[in-house]
Amino acid sequence: MATPGRKTSTSSSLASKRALPREPSSEVPSKRKSSAPPAAPPPPLPLQSSRPFVEGSIVRIVMENFLTYDICEVSPGPHLNMIIGANGTGKSSIVCAICLGLAGKPAFMGRADKVGFFVKRGCSKGMVEIELFRTSGNLIITREIDVAKNQSSWFINKKSTTQKVVEEQVAALNIQVGNLCQFLPQDKVGEFAKLSKIELLEATEKSIGPPEMHRYHCELKNFREKEKQLETSCKEKTEYLEKMIQRNERYKQDVERFYERKRHLDLIEMLEAKRPWVEYENVRQEYEEVKLARDRVKEEVRKLKEGQIPMTRRIEEIERQRHILEARIKEKATDIKETSQKCKQKQDIIERKDKQIEELQQALTVKQNEEHDRQRRISNTRKMIEDLQNELKTSENCENLQPQIDAITNDLRRVQDEKALCEGEVIDKRGEKESLEKERKSVGDNIVRFDSLMNQKEDKLRQRFRDTYDAVLWLRSNRDKFKQRVCEPIMLTINMKDNKNAKYIENHISSNDLRAFVFESQEDMEVFLKEIRDNKKLRVNAVIAPESSYADKAPSRSLNELKQYGFFSYLRELFDAPDPVMSFLCCHYHIHEVPVGTERTRERIERVIKETRLKQMYTAEEKYVVKTSFYSDKVISSNTSLKVAQFLTVTVDLEQRRHLEEQLKEINRKLQAVEAGLIALCERNRHLEHKDNELRQKKKELLERKTKKRQLEQKISSKLGSLKLMEQDTCNLEEEERKASTKIREINIQKAKLVTELTNFVKICTSLHIQKVDLILQNTTVISEKNKLESDYMAASSQLRVTEQHFIELDESRQRLLQKCKELMKRARQVCNLGAEQTVPQEYQTAFQDLPNTLDEIDALLTEERSRASCFTGLNPTVVEEYTKREEEIEQLTEELKIKKVELDKYRENISQVKERWLNPLKELVEKINEKFSNFFSSMQCAGEVDLHTENEEDYDKYGIRIRVKFRSSTQLHELTPHHQSGGERSVSTMLYLMALQELNRCPFRVVDEINQGMDPINERRVFEMVVNTACKENTSQYFFITPKLLQNLPYSEKMTVLFVYNGPHMLEPNRWNLKAFQRRRRRITFTQPSQ
């Protein structure tokens, strides 16, 4: 099986390791069991007959200073090779040696990115040698690794070579260590399920397809890409060509229009040459006419000036007469004004006399009214006194009302005392209510503070694990769907007693379990996962608490025994959690057995490890894990620094919160009682208030009846005094009327004298007005005559001004026309390019004869020709040149497009041929894989299928292999993804797919490392049987199956080769290992046992 290597001891705690070998020339035992006790080794097993290897199979593997090995040689069998050994013994080291020895990259193993890391620690160089079977002679590939340079030296059959040559030799044998379908290292098992459909198809083609299949696929993708490029190019060129043709069609018309436009422009040029001459002739004729009109107007101006002299003299004479009359009118106006002022003075005096008479009459009327009012008030007062006296007679005797008043007063005092007592109780109740409300607010604020801390934990969960947070929200709304208790994620339910200790819990419990939901029932968990994972597509974790609770399980040793080493608590005592969560953590993480220490513990850690024999412990900043070697009983410890806590730093004292909630309920109950008592007291107070008001009203009525007689007597006395005063205040109206008449008579006499004087002044004023009017009439006649003369003068002057202005305008027009004639002559000569003394050329005169002779006709024709010429916009002399050039370009593009279309047809023909050679074999290959894959799943009472998937048949880079599996009869087939299936389900699916490839495989060997670790025992047994049955068939390639453990009573085959990897300090030296001698001794022991 393998020639053992010896590993020298180092200062580290790792034990030496070696592989249990067989000599290549010796017979190979079919299987070995590492679990057999040393005292009673198992009997020798049947030997496997040697069979020829497949081309490219591994015959021998040699490792020197490689990972865990000093030197080791392994000789695998031609069929199924089971490499078995405990974790850490060096099984995966053999896998790494195969990969690196066959020119694989370190990244293929997923362990390290540099090849130097694979050399054993402490060594400067390492070596891997792989011997491959070939019918023409075995191929030996040697790789020497230099740690310092991180470089490799390559040898083929002991001759130096390059890595490229090695890669070519390996590829020629169809060995693909980078293909997960052929080479699946331990650290890459999880990546197989992450392969996309396209990547899986490519890996499958390379692994089991004919050599040309992947090449055809690549050619198809390249052809398709070229086809797309050519289609795009042809389409663009066709569109461009059509645009060029259309543009040239437009330019063809432009060329014809260009010449037509030129004819119009020539006519316009001739019209513009004749127009100045016509314009000059028109202006010259207008100049002669204006000059004659100017001379006529000049004579008319002279005659108008001579006719204005007599009118001017007569106007001056009339103006002198008007001044004399106006002076006399002013004198009369002054006399009239003085007389009018005297009349006004007399009128004012008369008005004052009338006002004095009116005042005397008003004073007499006031006194008459006052006397009538006094008589009326005297009558009313006498009637009122009579009514009061009658009321006084009829009033009752009030002496018997005092006892009633005293009784009501006593009742009123008693009611007021009760009311005061009730109001005091109300005040007390309100004070008690305010106190309870303040206390309730304080308790509510504390509860809100606790809820805010809880929300902080939920916010951290939402930010880091949104799917888990969404699942929590769904759980809170659907708890009725579960039969037993379901706990929210552990990080939410754990409540640290001191948040400083949160780092110990987070470093002890894995992140996946911290965000896991805890169930008490398997059925509830399946319901939850079906809804959350299958329906809502959320990635969540779930665990089941143990059936029997571990929450209160006692530690194996008392904490008092450990306090001497600095330990102050077990992990379980650092936090509170629901019973299912605590039970799960105690069962799986043994938190009741892991103590937490201080810096003092770290200082004496060696003593702690030696004396306590604890497997795990924590100091202030580090975690220590202690293990004991199974072979040497040597204690190995490792320590890691604690990571900073992220989730459990928020502490919520749930017991205190529950106490606050109970306290809040008690306060609410007291508040209800106080409010009920307060309502009763208020109702009683209202009743007393109503009774108090009634008693006061009765007392008021009795007091009013008692004081009514005294009030009547006082009123009668007061009214009699008022009547006496009114009777004494008398007035003599007749005397007052006589005095007023005498005064009015005297005023009337004075008024008659004033009226006589006023009449005389009015007569004088009237005479003066008559004289003034006569003078005004005379002045009006003079002014009228003057106005007529001035009007005539103004009319003559106006006519003179108009005529003079007309003369000025005509003179200016004459000068302007003269200047214009000169300018037009100059301009006309410039247009025709003539000098000052030159005459118009004959060619112009001949052309001018065919053109119109008036400006209007010329302008009309110019406008028409310009309009026609303007219709030919955008034309220039280069149009014809561009048209010709574009015709040549169109011809060239047509030829290029014809070549492109021929090339495109050729590519399409190639695609059709290659597609037929690639797609039909691929479909047959996928169908064979599907048949074997489905059979494997059916034998496990599950379902699975493999198909060729694509969205568009023409997109060859989108073809892929789709794997769909179903592990439960109640579910549908689901595509194999890294998230939908569990780890064990992915391992089973991966293994069965590789098994389906085994019989179809054209690769010389396949390596699968520890793929059975995530499987349950039933699936592991079924998969193992399939591996044995498939890999041990005739004409199958070599198979390496690495596993740290196997189930009991598994079936084995005669064609299997089992490689055991042992380690320990008591292993034999390589030169002392002899398998044949070991087998002989084993047989002797077997034969001698019966006789004993």
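Biologist: Which residue in strand 16 stands opposite Ala516?

Modeller: This is a predicted model, so to speak with its own rules: local features need pLDDT of at least 70, side-chain atom pairs count only at pLDDT 80 or more, and totals for chains, interfaces and linings use all residues. Numbering starts from 1 along each chain as its sequence is written, and side-chain values use heavy atoms, without hydrogens and water. Strand 15 (residues 516–519) and strand 16 run parallel and pair over four bridges. Opposite Ala516 you'll find Asn541.

Biologist: Which strands are the edges of that open sheet?

Modeller: Strands are DSSP runs (E, at least two residues; helices are H or I, at least four), numbered from the N terminus, and two pair if DSSP finds at least two bridges between them. The order here is 13-15-16, with mixed pairing. Pairing on one side only are strand 13 (486–487) and strand 16 (541–544).

Biologist: And in the 23-24-25 sheet, what stands opposite Val946?

Modeller: That open sheet is antiparallel. Strand 23 (943–949) is one of its edge strands, joined to strand 24 (residues 960–966) by seven bridges. Val946's opposite number in strand 24 is Ile963.

Biologist: How wide an arc do the buried residues of helix 20 cover?

Modeller: Helix 20 (residues 855–870) has 16 residues. Its buried ones (under 20% relative accessible area, 1.4 Å probe, protein chains only) are Leu855, Ile858, Leu862, Glu865 and Ala869. They sit on the same side of helix 20, because their arc (from the directions of axis to C-beta atoms) is only 100°.

Terms used:
Expected span 1.5 Å × (residues − 1). Buried < 20%, exposed > 50% of the residue type's maximum accessible area, 1.4 Å probe, protein only.
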